[in-house]
Amino acid sequence: MNWLEQIRNLSPHQLAVEHQPETPRYSRARSKLRHIVNRGTYLGKREEKERTLEIAVWTPPEHGRGTGYYCCFRVYFKDNELLCTVLFCFYDGTEKSPGFRSFESALAFAKSEDFYGDNNENAH
């Protein structure tokens, strides 16, 4: 299943950003959420648990320069139907977070974090 495409079809109240403690970086993530979802490229997923899985996504920078946005989403589903998703990881090169200027560097990082690609989704 193409989970990123499914996330794109969610209504705004089904998309959330959560991080404790709240930091300015996660406030930025919240303000860029629609851009991330619409322009993001799937990097991989982690093993599914009972009704959740995690996917990693990289989005090019909004203005074509600088680092992109590396994000992880926790996807909640039932019977293969997406219920909602939570962005729980957001790296943009600020606040000592890693920054990735290319899809390839973000993909290498995702693999190091145990995300693996699916043949039907990992199209760049």
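Student: Why does D92 count as buried?

Tutor: This is a predicted model, so every value here is computed from it. D92 has 8% relative accessibility. Buried means under 20%. The value falls below that cut-off, so D92 counts as buried.

Student: Where is D92, and what does D92 touch?

Tutor: D92 sits in the loop between β5 and α4. Leaving out residues up to four places away in sequence, D92 touches R25, R28, T67, G68, Y69, S97, P98 and G99.

Student: What makes D79 exposed or buried?

Tutor: The relative accessibility of D79 is 71%. Exposed means over 50%. The value passes that cut-off, so D79 counts as exposed. D79 lies in the loop between β4 and β5.

Student: What do β4 and β5 form around that loop?

Tutor: They form a hairpin with two residues between them. D79 is in the turn and has a positive phi of about 50°. The two strands pair in the antiparallel sense over nine bridges. One pairing can be named: F73 has L87 in β5 as its bridge partner.

Student: How far is D79 from I36, in sequence and in space?

Tutor: They are 43 residues apart in sequence. Their C-alpha atoms are 26 Å apart.

Student: How do you know that β3 and β4 pair?

Tutor: Two strands pair if there are at least two bridges between them. Strand β3 (residues 52-59) and strand β4 (residues 69-78) have eight, in the antiparallel sense. The cut-off is met, so the strands count as paired. In β4, F73 is the bridge partner of I55. R74 in β4 stands opposite E54.

Student: Why is β4 called largely enclosed?

Tutor: Seven of its ten residues are buried, so the rest of the structure largely encloses β4.

Student: What is the strand order of the sheet?

Tutor: The order is β1-β5-β4-β3-β2. This is an open sheet of five strands with mixed pairing.

Student: What makes β1 and β2 edge strands?

Tutor: Each pairs on one side only. β1 covers 15-17 and β2 covers 41-45. On average, neighbouring strands of this sheet are turned by 30° against each other, direction ignored.

Student: Which helices pack against the strands?

Tutor: α2 packs on the sheet and touches β1 and β5. The direction of α2 makes about 140° with that of β5. Helix α4 (residues 103-112) lies across β2, β3, β4 and β5. α4 runs at about 15° to β2.

Student: Why is the pair of Y26 and F90 called edge-to-face?

Tutor: Start with the distance. Ring centres must lie within 6.5 Å. Those of Y26 and F90 are 6.4 Å apart, so the rings pair. Next, the angle. Planes over 60 degrees apart count as edge-to-face. Here the planes stand at 65°, so the pair is edge-to-face.

Student: What does this pair tie together?

Tutor: Y26 lies in helix α2 (residues 24-31), while F90 lies in strand β5 (residues 81-91). The pair therefore ties together parts that are 64 residues apart in sequence. Both Y26 and F90 are buried.

Student: What makes the pair of F100 and F109 tilted?

Tutor: The centres are 5.0 Å apart and the planes make 40°. Stacked needs under 30 degrees, and edge-to-face needs over 60. The angle fits neither, so the pair is tilted. F100 and F109 are both buried. Ring pairs also link them with Y70 and Y91 into a cluster.

Student: How many aromatic pairs does the count give?

Tutor: Eight.

Student: How do you know that the charge of R74 sits over the ring of F88?

Tutor: The charged end of R74 is 4.1 Å from the ring centre. The distance limit is 6 Å, and there is also an angle limit of 35 degrees from the ring normal. The distance is within its limit, and the charged end is classed as sitting over the ring.

Student: Why does the radius of gyration agree with a compact globule?

Tutor: With 124 residues, a compact globule would come near 14 Å. The protein chain has 13 Å, which agrees. Buried residues make up 45% of the chain.

Note on methods
Residues are numbered from 1 along each chain as its sequence is written. This is a predicted model: local features need pLDDT of at least 70, side-chain atom pairs count only at pLDDT 80 or more; totals for chains, interfaces and linings use all residues. Side-chain values use heavy atoms; hydrogens and water are left out. Rings of Phe, Tyr and Trp (its six-membered ring) pair if their centres lie within 6.5 Å; planes under 30 degrees apart count as stacked, over 60 as edge-to-face and the rest as tilted. Helices (H or I, at least four residues) and strands (E, at least two) are DSSP runs, numbered from the N terminus. Buried means under 20% relative accessible area, exposed over 50%, partly exposed in between (1.4 Å probe, protein chains only). Axes are lines fitted to C-alpha atoms, for helices over the stretch in contact, and angles run from 0 to 180 degrees between N-to-C directions. Contact means heavy atoms within 4.5 Å. The radius of gyration is taken over C-alpha atoms; the globule rule is 2.2 Å times the number of residues to the power 0.38.
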